[in-house]
Amino acid sequence: MRVTDVADRALDTSPEDPGTPPQSLGAAGWGRWAWRQLTSMRTALLLLLLLAVLAVPGSVFPQRRVDRAAVADFARRHEDAYPWLERLWAFDVYASPWFSATYLLLFLSLLGCVVPRMRQHWRAMRARPPAPPRRLERLPEHVTATVSETPAAVAERAAAVLRAERYRVAVPAPGEVAAEKGHLRETGNLLFHASLLVILVAMAIGSMRGFTGNVVVVERGFFVSTRASYDTLRTGTHFDERDLIPFSVQLDRFRVRYEEGPSQFGAPREFTAEVRWQGSEGRGRAVVAPNQPLTIDGARVFVTGNGYAPHFTVRDRSGEVVYEGATPFLPRDGMNTSTGVVKVADAQPEPLGFEGFFLPTAAFDPERGPISIFPDARLPRVVLTAWQGDLADDGRAQSVFTLDTSRMTQLERNGTPLRASLAPGETMKLPGGLGSITFDRVSRFVNFQVAHDPGRRLALLGALLVLGGLLPSLLVRRRRLWVRATPGADGRTVIEVAGLSRTEDDRLGDDVRRVAARVCGDDDPSRQRE
Amino acid sequence: MGDLADISYGLVLSAMAVYACAMVAFAASVAFAPRRRVEVAATAGGSGGVASPAVEVRGGDPLEGSEGDGRGERATRIGISLTALAFLLHVAAVVTRALAVERAPWGNLYEFVLTMALAATAAYLLLLARGHRVAFLGVVTVPFVLLALGVCVAVLYVDAGDLVPALKSYWLVIHVAVAIVSSGALMAGAALSLLLLARDGGDDPGDVSAATDGNAVRRWIAQLPPAPVLDRVAHQVHAFAFPLWTFAVISGAIWAERAWGRYWGWDAKEVWAFITWVVYAAYLHAQSTAGWRGRRAAVLALIGFVCFLFNLLGVNFWFTSLHSYAGV
């Protein structure tokens, strides 16, 4: 092995060449061979690349843990492909056995590298710098000079100079100085890899003990953080119900502002929820906005969406009010054109269903019909069609934003489907005396996301340690320097200074010359010859 | 506000004009690539792959020792001067844009790519200023920057405006600034890796004929520093960029945690940031794996840069992502 082959580059965790499999097929032998294969650098490299490739499908297919509705939508649109993709975990890529297996193998490989190297590094840090090789001139950087002082005095000064340059110094023999620095590089390298494990543990804690809930709250409405009141609640595998502290949040007002200037017309500029909250530690008023969450009892409340909730009153044949309240409509575009449904199961003689869209600032486009031209509610209109029959609401989870009209008949007037555009306060009468629907007014709703992740502080710590390890592992130079002072033929002392870098190091030569100059007792390099 | 934005736009167009001139100069430097005398014995690593560091130290810098009538070198120097001038105009464009919008000038994709292109030029000039002999990188960097600015002007342009609420956070300044700085370094690393692959192919015995060839591009490639030198500089540049990219991902996670309540949610942008990070991690590991140094590592660096660019633009155009509001 040549001296220059020793260079251990950044992030190197490989202990040795894995070699070839053993000739005799003992189980222990195979095990050792497999372990060496797994912990080899080449395997780690391939596992890294495999992990990158396997992560790609998760950005191509909708993921269940990101957007459940998108997966359902995909299933509807690709009926043939869906079952096959489902079998391949295409919609749960990051929880799939093949993705998990890859990163677990990678971490196992990492452990197999890091643990032996930690022991090795621990010994190396406590060991004295090794004695100089017999022939210093064979090292990649080598400088000689002659001075008149005695070898002992020169060696003494060399040790002092190297200590001042923050080398660890040893004096293996009279007239010889060995110095070493840059162990921080390996320390950082090991810290980096170990910290990745910390992040993995933190993510595991989060996915076992954390929860994320989403709830839609209309202005002047409230929610209590219990399992039943969330529209969707995702809990960890080892989630404890007692972690769900039942705090409550009341939405008093939701302030919005949209761009009215010509540039980026209609772009959102402000979303601010004014809330009152009550938790186990007290109560108060607060403002919640994007990038400005509210923390209650260790859980945090975020504003992640908003829209309009028109209030409707529905009367049936008898004139009795069978539906009254705010119904959130789902925003569909940048101008907040929103779609939604009203399901009136209690209407007599048969349930009623209304399907429609809400236009916050309505206008009529000759080609596209009624559209919204501004996202704020300046000229609100609701356009509705009506259905009668079986709502198919058999208790199964069903979207509150769509109407299953397969067992319903559309109400018509004079042979054309009934359809009306209503301003606040206006009423649409249903044909045949079936009743009426009134668009009373419109409120805003906010989609609150409540999240609790007990692993997040540990994850942050891990991330900071990753960075703290990465910087020295890439930037610190590990090198050894040796000085040897021997009596020369003419009674003067010959000084040899040589350096060996264990990393890529384009400044080694400069540093060797500088140290040589300082050991000679001056900064004039003219007295040296190479 | 509008006036400053107009001035900024005018400066972008002026910078593009000067970059275009610089590109012509760099093209001339390729066309005038000198015919080298045959003194290859000292530099060739023999193996055809990457020579060991011991050899490269003595290899010297062929840029210095090239035999020619000096026209190529003069063209390179003119190219660098023009690039520096374009850089100043580019800086002024970004600064006036920042003054026009009264915030960090990377609130939408137009501003982000504009600043990222600036970082690419800055990385090139900084490498030169630090004494690396990488003047030849202008041949790759300047067209790339010009292309990025062209995309800015033709596709991404939006008038100066306020931010959407989701972006109103000081993490925007930190997270995106670091991503931009690392992008400049990654661009330089990718250019070096690309040239390494071109150069490495020419390090075969055919090298001698390439150096005296009639084909200017082959001659130009043949007089680049030897592959191990390119590999070493590329490794240094990536070693600088990787911690920055790591920090960009971490600060993004911290911001995501403050904005959405989860630090990692496998959003399309996060997925591709992760893929980019893993590929560059693989690059750094390849640098210390026998048989992977040089060519294979360079291929990984280029894949990493493609992933980075895809994350920057492709994700916004092709996937639904929480990050899709960035001006598209």
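The following dialogue walks through cysteines, aromatic contacts and one sheet in this predicted model.

Colleague: How many disulfides does the structure hold over all chains?

Modeller: A disulfide is a covalent bond between the sulfur atoms of two cysteines. Over all chains, this structure holds zero disulfides.

Colleague: Why does C152(B) form no bond with the closest cysteine sulfur?

Modeller: The closest cysteine sulfur belongs to C21(B) and lies 19 Å from that of C152(B), which is too far for a bond, given that a disulfide needs the two sulfur atoms within 2.5 Å. As for surroundings, C152(B) is buried, with a relative accessible area of 0%, and C307(B) is buried as well, at 9%.

Colleague: Turning to the rings, how many aromatic pairs are there over all chains?

Modeller: The count comes to 33 aromatic pairs over all chains. Take Y94(A) and F99(A), whose ring centres are 5.2 Å apart and whose planes meet at 85°, so that the pair is edge-to-face; planes over 60 degrees apart are what earns that label. Both Y94(A) and F99(A) are buried. In chain B, the rings of W266(B) and F274(B) have centres 5.4 Å apart and planes at 85°, so this pair is edge-to-face too.

Colleague: Are W266(B) and F274(B) buried or exposed?

Modeller: W266(B) counts as buried because its relative accessibility is 11%, and F274(B), with a relative accessible area of 18%, is buried also, the limit for that class being under 20%.

Colleague: Which residues form one aromatic cluster with these two pairs?

Modeller: The cluster consists of Y94(A), F99(A) and Y103(A) from chain A together with W264(B), W266(B) and F274(B) from chain B.

Colleague: Where do charged side chains sit over a ring?

Modeller: In chain A, the charged end of R87(A) sits over the ring of W84(A), at 4.6 Å from the ring centre, while in chain B, R296(B) lies over the face of W292(B), 4.8 Å from the centre of that ring.

Colleague: What is the strand order in the open sheet of chain A?

Modeller: Strands of a sheet pair through backbone hydrogen bonds, either parallel or antiparallel. Here four strands of chain A run in the order β5-β7-β8-β9, with antiparallel pairing. Strands β5 (222-224) and β9 (282-288) of chain A stand at the edges with a single partner strand each, so one side of each has no neighbour in the sheet. On average, and ignoring direction, neighbouring strands of this sheet are turned by 20° against each other.

Colleague: How many bridges join β8 and β9(A)?

Modeller: Strand β8 (residues 268-279) of chain A pairs with β9(A) in the antiparallel sense over seven bridges, and R276(A) has R285(A) in β9(A) as its bridge partner.

How values were computed. Residues are numbered from 1 along each chain as its sequence is written. Chains are lettered from A and ligands numbered from 1 in the order in which they are written. This is a predicted model: local features need pLDDT of at least 70, side-chain atom pairs count only at pLDDT 80 or more; totals for chains, interfaces and linings use all residues. Side-chain values use heavy atoms; hydrogens and water are left out. Buried means under 20% relative accessible area, exposed over 50%, partly exposed in between (1.4 Å probe, protein chains only). Rings of Phe, Tyr and Trp (its six-membered ring) pair if their centres lie within 6.5 Å; planes under 30 degrees apart count as stacked, over 60 as edge-to-face and the rest as tilted. A charge sits over a ring if NZ of Lys or CZ of Arg is within 6 Å of the ring centre and within 35 degrees of the ring normal. Two strands pair if DSSP finds at least two bridges between them. Helices (H or I, at least four residues) and strands (E, at least two) are DSSP runs, numbered from the N terminus. Axes are lines fitted to C-alpha atoms, for helices over the stretch in contact, and angles run from 0 to 180 degrees between N-to-C directions.
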